[in-house]
Structures are given as C-alpha cells and as structure tokens.
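Good morning, everyone, and thank you for making the time. I would like to go through one model with you, beginning with the whole chain and ending with a few individual residues.

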Amino acid sequence: MTTQRLPRAAAVSAAALLSLSLALTACSRPADTGTEPASALSHIHGLGLHRGTLYVATHEGIHSPGPGGAPVLVGDRRDDFMGFTVAPDGTFLAGGHPAPGSGGPSNLGLIASADTGRTWTEQSLGGEVDFHSLDTAPGGPVYGYDSTDGRLRVTHDLKTWEDRADLRALDIAVSPTAPDTVLATTETGVARSTDGGRTFAPATGQALAYVSWGAAAALYGVSPDGALFRSGDGGTAWTRIGTVPGGRPQALTAVDGRRLLVATRDGVYESGDAGRSFVRRMEVASGSDGH
C-alpha cells in the first residue's frame with residue numbers, strides 16, 4: 001500500500017472523471033413498464049446496515065438481498081431514493097423523487113421511516129428540495145446536500161432547516177466524533193468544513209466520488225474509477241488500499257472502522273477487513289438508462 005499526501009497531478013486526472021459522476025446525479029427515471037425484473041435495478045444511491053440486514057436505496061425503492069442475493073423490495077414504495085442514511089437510532093432518512101404515477105410533488109424533501117423502510121412519513125421541504133446526500137453522527141444534526149440549489153442544509157429536528165454553504169458536491173460525510181466537521185467531494189478534491197458546513201476550506205488532495213467516516217481514525221473514500229482509499233487523519237493523507245470489485249462505484253458506506261459496503265455496476269459488496277477483500281451481498285444488473 002502507498003500513502004499519498006495531496007497528489008496534485010492524480011487529483012487533476014481523477015477530477016475529469018468526477019465531473020462525469022457529478023453529471024450523473026441529475027439522472028432521470030426510466031419509464032416504468034411494470035415488467036423490469038427486480039435484478040435490473042438501474043442505479044444505487046445509498047447503502048445502510050441495520051441489525052445485520054443490508055438496505056439498498058435505489059432508483060426503484062429500498063431493497064434488501066433475498067435468496068441467492070437477488071434484490072427484494074422493502075415495503076411497496078418504488079420512489080427514487082437519491083439521498084439515504086440510517087441514523088444512529090435506526091431511523092431511515094431519505095430524499096429524492098416519487099415513483100412515476102404516484103402523485104405529489106417532484107421532490108420528496110426529507111422523509112423518514114421508523115420501520116426499516118416499510119412505511120415513510122414526510123418530515124419537511126416536500127416539493128422544494130431534492131436531497132442527493134444525507135449524513136449525521138451521534139449527538140449531531142442531520143446534514144443534507146440540496147442538489148436543487150447546490151447548498152448544504154442542516155436540521156436538528158427534521159422539521160426546520162438552516163442554510164449553510166453553497167457548493168457543488170456529490171457526497172458528504174460527517175465526523176463520528178466531531179459533528180461540526182463535514183467533508184464534501186468536489187471536482188477538485190475533498191473540501192472540509194469545521195464549523196458545521198457554514199464555510200469550507202478550498203478542496204485539495206485526492207479527488208474522490210464518495211466518502212464515509214466509519215470511525216474517528218477510519219475515513220474511507222472511493223475514486224470515480226474504483227480505487228479505494230483510507231485516511232487516519234480526517235482526510236489530509238490517504239492510503240490506497242486497492243480497487244473495489246464490480247466497476248464504477250455508485251455508493252459507499254463505512255459501518256465502522258473495518259466494515260464497508262460499496263455498490264458498483266454489478267452488485268453490492270461487503271468487506272469486513274477494512275477493504276482488503278469483499279464478498280458480494282446483492283446481485284445487480286444495471287438497467288437500460290445508462291447508469
């Protein structure tokens with residue numbers, strides 16, 4: 001393994017790929033014919049683990065692995081869950097767009113589930129905001145990246161929100177031990193805020209598509225081409241661990257310091273040894289919408 005500290009040339013090269021990844025976040029939903037098999041999930045946006053069960057937020061609802069690793073729909077909603085996270089108390093938080101034909105506004109705002117995704121209730125900003133990334137930490141607020149306005153927003157009660165910094169980001173991650181420290185992935189590197197997202201230092205260093213903070217000294221990131229990195233100092237220096245299986249990454253969640261979940265073009269994979277090896281938990285065949 002090699003440790004990299006602010007490798008400018010590598011960051012510039014990866015930034016071109018990250019720009020493409022950013023463009024894909026504004027994806028549109030393919031027509032729902034009612035005949036597409038469950039395994040043909042067109043895109044994955046988020047991952048979570050609750051009481052040992054894997055939950056996968058997709059373009060077509062929340063799924064968990066069934067027999068043989070085939071995705072099984074949780075509940076009956078096939079919304080486009082763009083932003084998704086499992087809060088420390090087990091509450092599922094999400095944003096995105098309603099399923100075609102379901103009625104209602106085009107943006108879900110913030111919705112929440114107290115029964116692991118079987119039913120959902122609107123919390124706030126319905127019809128106003130499309131959250132593409134959500135994250136929180138024990139004892140801290142919920143941060144949401146509002147792709148509608150290119151802005152970070154913060155809530156302490158899931159109802160009222162404060163506007164924070166304006167920025168163009170793909171993913172955010174909150175420190176598990178310092179809830180005012182937030183990272184955002186951008187085209188030019190990882191931007192850092194230490195004041196709750198009110199301001200961000202200029203983005204520097206390794207260009208990454210997704211980041212997730214499993215423990216204070218275990219921050220993980222994956223580049224647009226699938227290279228997996230770990231940082232023990234909050235993102236100043238990164239150590240390359242290897243490459244995630246399955247092609248271009250679509251989501252990353254660090255459950256703790258050693259347990260990782262990553263979604264790629266052909267499935268959802270889990271690692272129990274800090275990313276050195278992976279086992280496929282769910283089989284996914286990319287749909288026909290180009291994702």
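What follows is a short account of the overall make-up, the largest pocket, an aromatic cluster and two buried residues.

Before the details, please keep in mind that this is a predicted model, in which local features need pLDDT of at least 70 and side-chain atom pairs count only at pLDDT 80 or more, while totals for chains, interfaces and linings use all residues. Residues are numbered from 1 along each chain as its sequence is written, and side-chain values use heavy atoms, with hydrogens and water left out.

Let me start with the chain as a whole. The protein chain contains 1 helix and 24 strands, where helices (H or I, at least four residues) and strands (E, at least two) are DSSP runs numbered from the N terminus. Of its 291 residues, 55% count as buried, and buried here means under 20% relative accessible area, with exposed over 50% and partly exposed in between, for a 1.4 Å probe and protein chains only. Among contacts with a separation of 6 or more, 43% are between residues 24 or more positions apart, a contact being heavy atoms within 4.5 Å. The accessible surface is about 11,600 Å², and 50% of it belongs to carbon and sulfur atoms, as computed by the Shrake-Rupley method with a 1.4 Å probe; for residues, only the protein chains shown count as cover.

Turning to the largest pocket, its volume is about 870 Å³. A pocket, on a 1 Å grid over the protein atoms alone, is an open set of points where a 1.4 Å probe fits, with protein on both sides within 12 Å along at least five of seven lines, and lining residues have an atom within 4 Å of a point. Grid points are joined across faces, edges and corners, and the volume is the space filled by probe spheres set on the points. The lining has 45 residues, of which Leu47, Thr85, Asp135, Ser212 and Thr253 lie nearest the centre of the pocket. Elements that give two or more residues to this lining include α1 (8-24), β2 (44-50), β10 (131-136) and β14 (172-174), and β2 gives the most, with 7 residues.

Which residues form the aromatic cluster? They are Tyr55, Phe84 and Phe92, with rings paired if their centres lie within 6.5 Å, and planes under 30 degrees apart counted as stacked, over 60 as edge-to-face and the rest as tilted. The whole structure has 4 aromatic pairs; in one of them, tyrosine 55 and phenylalanine 92 meet edge-to-face, at 4.9 Å centre to centre and 75° between the planes. That pair joins strand β3 (residues 53-58) to strand β7 (residues 92-97), its members being 37 residues apart. Tyrosine 55 is buried at 6% relative accessible area, and phenylalanine 92 is buried at 0%. Phenylalanine 84 and phenylalanine 92 have ring centres 5.5 Å apart and planes at 90°, so this pair is also edge-to-face.

Finally, two single residues. Isoleucine 172, in strand β14, is buried at 3% relative accessibility and touches, among others, Ser133, Asp135, Tyr143 and Val211. Its C-alpha lies 6.9 Å from that of aspartate 135, 37 residues apart in sequence. Alanine 218, in strand β18 (residues 218-222), is buried at 2%, and its contacts beyond four places in sequence are Ser212, Trp213, Arg230, Ser231 and Gly257.

Terms used
Rings of Phe, Tyr and Trp (its six-membered ring) pair if their centres lie within 6.5 Å; planes under 30 degrees apart count as stacked, over 60 as edge-to-face and the rest as tilted.
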